[in-house]
Amino acid sequence: MNEAAAALPADDAVAETDWQRLHPATLLLAIVKLGPRSVNFLPALAAIGIAGKWIYVIPALGLFLLLSLVFAWLAWLRFRFAVGADEIVIESGVLARQHRTIPFDRIQDVSIEQGLVARALGIATVGFETGAGGGKKDDARLDAIGLGAAQALRATIRAHRGTAVPVVATGAGGGAEAAAPATEDRLLFAMSPKRLLVAGLFNFSLAALAVVGAAMQLFDNVLPFDFNIFNPLDWIDIAEQYGLDQWVVAHRWVAGVGAAISLLFIGFASGIAMTFLANWDFRLTREPRALRRTRGLTTRTDVALPVRRVQAAIIVTGWLRRRFGWHELRLQSLASDGEKEKDHQVVPFGRLDEIDAVLAEIGIARPGADRPWAHSHRIVALGGFVGAGIAALGGVIALAVGQPTGWIPLAIAPLIAAGAWISAHFHGWAEVGEMVAIRSGWIKPKTTLLPFASVQSVDLATDFILRPLGLATLRFGVPGGSALGSHEIPAIPLDIAKALRARILGERGVA
Amino acid sequence: MTETIAAHPIDPFAADALNAGEGLDPVDPAYSHVLRIATLLKALPVAIAATLVDMLAIRPEGGPYGLLTVAAWLLGTIIVVTFPSRRAQRWGFKIGDGQLRVARGWLFRVDTIVPFVRVQHIDVGQGPIERWFGLSHLVVHTSGTHNSTVTLPGLHSDLAAAMRETIRRHIQTDFA
């Protein structure tokens with residue numbers, strides 16, 4: 001550890017006294033994290049045990065834990081950061097030293113995240129999103145500092161951004177920014193427990209079922225009682241104990257109903273549980289320059305989304321929840337949301353008027369109900385038809401070689417074709433001022449609101465099927481990823497596509 | 001988007017008419033030679049492999065010896081001789097009016113427009129085959145996730161450099 005003595009040359013811009021360390025409670029967090037990590041050490045312990053040297057197991061484990069703690073302590077000791085006038089400097093690494101300077105100008109987003117243990121300790125992880133190509137792993141993090149210090153740091157960076165960055169007229173929110181100058185924070189959208197419950201009911205999910213099923217298999221021999229809720233025979237067994245066996249054997253459907261009810265229960269329960277975990281105490285607030293979202297039950301996240309960085313708004317819903325008037329709003333931005341999501345969910349479950357209120361803050365308006373939608377050509381259903389044809393062909397071949405399961409694809413094929421045909425009727429677009437609205441989907445209707453100013457490039461694509469019909473597909477390059485796919489208007493008449501392209505890019509040319 | 005299937009226009013000169021009709025400039029004719037050599041380098045190993053299979057597998061089995069070899073070399077020759085010039089003709093571009101327009105392909109034709117102000121950075125690249133013919137390719141990067149790079153091959157190196165300078169003047173350094 002001779003590197004500990006050889007310090008890097010001090011940064012001229014940062015005085016020696018400005019250096020700060022992470023919160024000491026981070027060391028406690030390191031101990032908590034040690035638990036799962038020591039699992040890696042188990043094979044080595046097992047090898048020692050198998051070799052018959054049981055006496056060494058405890059010292060070896062102790063040595064491993066001690067070394068881990070020493071290393072965690074060294075890492076903590078060697079990690080320091082300093083907040084300068086217009087940059088943040090981070091030095092880290094025990095053996096390989098790293099010195100990183102991040103100008104405030106380049107920080108697009110500051111996130112604050114608190115896990116369960118971190119909340120108990122009053123500390124938070126601060127993440128700096130710089131938009132570097134490498135994604136999340138390349139972004140700098142302070143893991144972790146006190147919650148108060150984290151919020152102060154974010155306020156510092158925001159204040160700097162506010163003064164240093166000139167207003168760019170091309171920004172999507174430029175108009176809204178002028179209309180709503182820096183006022184104090186105000187609550188835009190929140191989710192009450194009742195709303196969460198309703199959202200959870202619509203989140204019916206059988207994803208947890210696989211986990212429960214696997215666990216049932218795993219613990220089948222461990223559990224004191226031998227009962228698998230997915231096994232109808234077990235339901236017959238339980239009925240037998242109550243003297244119902246005769247009746248159940250006569251009415252086997254009761255067992256089936258029992259299994260179905262348990263399936264439904266698990267689906268609803270897991271949906272509600274996941275909604276509560278993710279969106280507990282959901283709050284969306286309008287700050288002078290950003291929308292700020294806090295949410296989460298065990299892990300609370302706090303994300304600020306600069307209004308000027310919003311590129312597009314996406315409203316999604318489901319065929320059932322639309323009947324009840326529920327929709328979800330996502331914003332596509334240059335900054336990505338966490339590791340899983342590519343766009344920002346700002347209204348997970350709300351009414352359209354609530355969504356309109358949020359959209360108004362970023363200067364985007366939904367097309368009114370009276371606005372006529374231009375439709376894509378029905379040829380967009382072709383892909384579904386081809387898929388259905390292939391399924392039917394596969395089914396016929398299977399039947400021909402004597403596989404009775406061939407009936408399944410044969411029966412599904414018309415459903416696929418019908419679904420594609422119905423979905424094709426929902427493809428449409430409308431032009432609203434300097435914005436284009438694109439909608440698609442039937443099972444999962446999606447409406448994208450794309451300001452012209454966000455468009456980076458336009459593809460006009462035709463192929464051997466669209467060209468004879470005089471059609472073209474417009475595809476837009478928009479900054480920031482979306483989990484919901486690329487933005488395109490499929491199969492519209494060539495002249496209209498060309499005119500729309502000219503209008504979108506013309507908007508750009510003026511600016 | 002590479003075209004490997006022969007797309008026969010009704011008019012044999014349609015490929016030229018395609019670019020002219022859309023107001024696009026064609027790429028350097030020498031680009032067809034670049035494509036031809038690149039295709040040759042890809043087709044040659046396949047043809048040799050087919051010959052080896054013919055000699056080592058089909059002849060001992062008493063199959064139709066020679067059929068596979070002849071078919072592979074014939075097909076390879078057709079692909080190398082005819083397709084590259086067609087593919088090169090279907091590339092078109094137009095620079096000016098504050099935007100770069102790149103069109104490519106016929107069976108699947110994609111016509112991309114990138115406004116200069118939306119360009120993040122530009123590359124001019126040259127491969128070994130392109131160097132023989134004095135050509136370069138221009139790569140334009142945007143911040144969009146779709147179309148984050150737009151490539152225009154088959155430009156004379158001087159033209160590529162001139163286009164780069166033209167676009168460079170329009171690039172905004174800070175897009176915040």
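Begin with chain B and select residues 89-167, which the unreviewed UniProt entry annotates as "domain: YdbS-like PH". The model on display is a predicted one. Within this selection, 53% of the span is strand and 22% is helix. The C-alpha atoms at the two ends of residues 89-167 of chain B are 24 Å apart.

**The annotated transmembrane region of chain B**

Next, select residues 64-84 of chain B. The same type of record, an unreviewed UniProt entry, labels this stretch "transmembrane region". Its secondary structure is 86% helix and 0% strand, and 32 Å separate the end C-alpha atoms of residues 64-84 of chain B.

**The helix pair of chain B**

Extend the selection to helix α2 (residues 31-61) and helix α3 (residues 67-89) of chain B. The axes of these two helices come within 9 Å and cross at roughly 170°. Because angles over 145 degrees count as roughly antiparallel, α2(B) is roughly antiparallel to α3(B). Colour the contact between α2(B) and α3(B) by residue class: 17 of its residues are nonpolar, six are polar and three are charged.

**Where chain A meets chain B**

Now display both chains and select the residues in contact across them. On this boundary, 22 residues of chain A touch 21 residues of chain B. Three elements of chain A each contribute at least two residues to the side facing chain B: β19 (457-463), β20 (471-477) and α16 (494-510). Of that side, β19(A) gives the largest share, with seven residues. By class, the side of chain A that touches chain B consists of nine nonpolar, eight polar and five charged residues.

**Chain A as a whole**

Hide chain B and view chain A alone. Its secondary structure amounts to 16 helices and 21 strands. Chain A has 511 residues, 30% of which count as buried. Among contacts in chain A with a separation of 6 or more, 58% join residues that are 24 or more positions apart.

**A helix crossing in chain A**

Select helix α7 (residues 193-202) and helix α11 (residues 253-279) of chain A. How far apart are the axes of these helices, and at what angle do they pack? The axes are 7 Å apart, and the packing angle is about 135°. The two helices α7(A) and α11(A) are therefore oblique to each other. The crossing of α7(A) past α11(A) is right-handed.

Show the side chains at this crossing. From α7(A) come A:Leu196, A:Leu197, A:Ala199, A:Gly200 and A:Leu201; they meet A:Phe268, A:Gly271, A:Ile272, A:Thr275, A:Phe276 and A:Asn279 of α11(A). Seven residues of the contact between α7(A) and α11(A) are nonpolar, four are polar and none is charged.

**Two residues with positive phi**

Move on to A:Asp281, in the loop between α11 and β9 (283-286) of chain A. Although not a glycine, A:Asp281 has a positive phi, near 55°. Is A:Asp281 buried or partly exposed? A:Asp281 counts as partly exposed because it has 15 C-beta neighbours inside 10 Å.

Finally, select A:Ala491, which lies in strand β21 (residues 487-493) of chain A. A:Ala491 is another residue other than glycine with a positive phi, here about 50°. With 24 C-beta neighbours inside 10 Å, A:Ala491 counts as buried, since the cut-off for a buried residue is 20 or more.

Methods. Residues numbered from 1 in each chain as written. Chains lettered and ligands numbered in written order. Predicted model: local features only at pLDDT ≥ 70, side-chain atom pairs only at ≥ 80, totals over all residues. Helix = DSSP H or I, 4+ residues; strand = E, 2+ residues; numbered from the N terminus. Buried ≥ 20, exposed ≤ 12 C-beta atoms within 10 Å, placed from the backbone. Contact = placed C-beta atoms within 7 Å. UniProt positions renumbered as here; feature names shortened; annotations may be inferred. Axes fitted to C-alpha atoms, helices over the stretch in contact; angles between N-to-C directions. Parallel < 35°, antiparallel > 145°, perpendicular 65-115°, else oblique. Left-handed = near helix turned anticlockwise from the far one by under 90°. Nonpolar A, V, L, I, M, F, W, Y, C, P; charged D, E, K, R; others polar.
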